[in-house]
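Trainee: Got a minute? I'd like to go through the pockets and the ligand with you.
Mentor: Sure, pull up the model and we'll start.

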Amino acid sequence: MVARLAARGVSDATVLEVGGGVGAIDIELLKAGAREATVVELSEEYDGAAAELLAENSLRGRVARRHGDFVELERDVDPADVVVMHRVVCCYPDPELLVGAAAGHARRLLALSFPRDTWWVRIGWYTVDAWFRLVYRFASFVHPRERILGAAARMGFTPVHEHSGPLWHVAVLERR
Ligand SMILES: C[S@@+](CC[C@H](N)C(=O)[O-])C[C@H]1O[C@@H](n2cnc3c(N)ncnc32)[C@H](O)[C@@H]1O
């Protein structure tokens, strides 16, 4: 994902990473030339590890972290040149809402990764999901690629790169 974004040009770009966890993708994009990044993340529990990673990479002060549901916060979040959601769309029940909000914040590039919608991924995914729903009260979803990319298309984004691994599909999209 980082290599594909870098190939489209991230020099001096601003980055918004939704559901960024420790912010690993931001760090790689900053190392590839991006200027600054913001992470919007539901959980505060990543903050300690995120700060350590930034210090290790001499990037302290280049990443702002905000907490909450991006769909609820989006009006208060500035747009960025590049918006990234790595393994996040599967955490949200409504892909149109989340991807639409993310695409609405992307001036130029949008990068998404999400589980492949194949029968074998669905069987494995929803077996594990049943356990997570029961034990952790946490649900996750395999949304069809068409719904995810359709939401981005309605905001003006066209795929410029896609590839699949055994589980995850990666799409990099550019504003038309
Ligand atoms: C599977 S983790 C992936 C974390 C990181 N992107 C990575 O790949 O390591 C999904 C993350 O998205 C966050 N998340 C899910 N829905 C979100 C939302 N609506 N707004 C902000 N963060 C969200 C979760 O808190 C979680 O940290």
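**Pockets and ligand**

Mentor: Keep in mind that this is a predicted model. The ligand sits in the largest pocket.

Trainee: OK, how much space lies in that largest pocket?
Mentor: About 790 Å³. The largest pocket is lined by 33 residues, and the closest to its centre are Gly19, Tyr46, Arg87, Val88 and Cys91.

Trainee: And which elements give two or more residues to that lining?
Mentor: Two strands and three helices: strand S1 (14-18), strand S2 (36-41), helix H2 (24-31), helix H4 (70-73) and helix H6 (119-136).

Trainee: Which one gives the most?
Mentor: That's H6, with four residues in the lining of the largest pocket.

Trainee: What about the lining by class?
Mentor: For the largest pocket you get 20 nonpolar, eight polar and five charged residues.

Trainee: Switching to the ligand now. Which residues come nearest to it?
Mentor: There are 14 residues around the ligand, and Gly19, Glu41, Tyr46, Asp69 and His86 come nearest. Gly19 and Tyr46 should ring a bell, as they're also among the residues closest to the centre of the largest pocket.

Trainee: How does that shell split by class?
Mentor: Seven nonpolar, four polar and three charged residues make up the shell around the ligand.

Trainee: Say more about glycine 19. Which of its atoms lies 2.9 Å from a nitrogen atom of the ligand?
Mentor: A backbone N or O atom of glycine 19. With aspartate 69, an N or O atom in the side chain is 2.9 Å from a nitrogen atom of the ligand. Then there's phenylalanine 70, where a backbone N or O atom lies 3.0 Å from a ligand nitrogen.

Trainee: And how much of the ligand's accessible area does the protein cover?
Mentor: On its own the ligand has 590 Å² of accessible area, and the protein covers 81% of that.

Trainee: New topic: what volume does the second largest pocket have?
Mentor: About 190 Å³. The second largest pocket has 13 lining residues, with Val15, Glu36, Thr38, Asp78 and Pro79 nearest its centre.

Trainee: Which elements give two or more residues there?
Mentor: S1 and S2 do, for the second largest pocket. You've met both strands already, in the lining of the largest pocket.

Trainee: Last one: what are the classes in that second lining?
Mentor: The second largest pocket has six nonpolar, two polar and five charged residues in its lining.

Conventions
Residues are numbered from 1 along each chain as its sequence is written. This is a predicted model: local features need pLDDT of at least 70, side-chain atom pairs count only at pLDDT 80 or more; totals for chains, interfaces and linings use all residues. Side-chain values use heavy atoms; hydrogens and water are left out. On a 1 Å grid over the protein atoms alone, a cavity is a set of points where a 1.4 Å probe fits but cannot get out, and a pocket is an open set with protein on both sides within 12 Å along at least five of seven lines; lining residues have an atom within 4 Å of a point. Grid points are joined across faces, edges and corners, and a volume is the space filled by probe spheres set on the points. Ala, Val, Leu, Ile, Met, Phe, Trp, Tyr, Cys and Pro count as nonpolar, Asp, Glu, Lys and Arg as charged, and the others, Gly among them, as polar. A residue is near a molecule or strand if one of its heavy atoms lies within 4 Å of it. A polar contact is a pair of N or O atoms within 3.5 Å; within protein, one must be able to donate a hydrogen and the other to accept it, and residues adjacent in sequence count only if both atoms are side-chain atoms. Accessible areas come from the Shrake-Rupley method with a 1.4 Å probe; for residues, only the protein chains shown count as cover. A molecule sits in a cavity or pocket if more than half of its atoms lie within 2 Å of its grid points.
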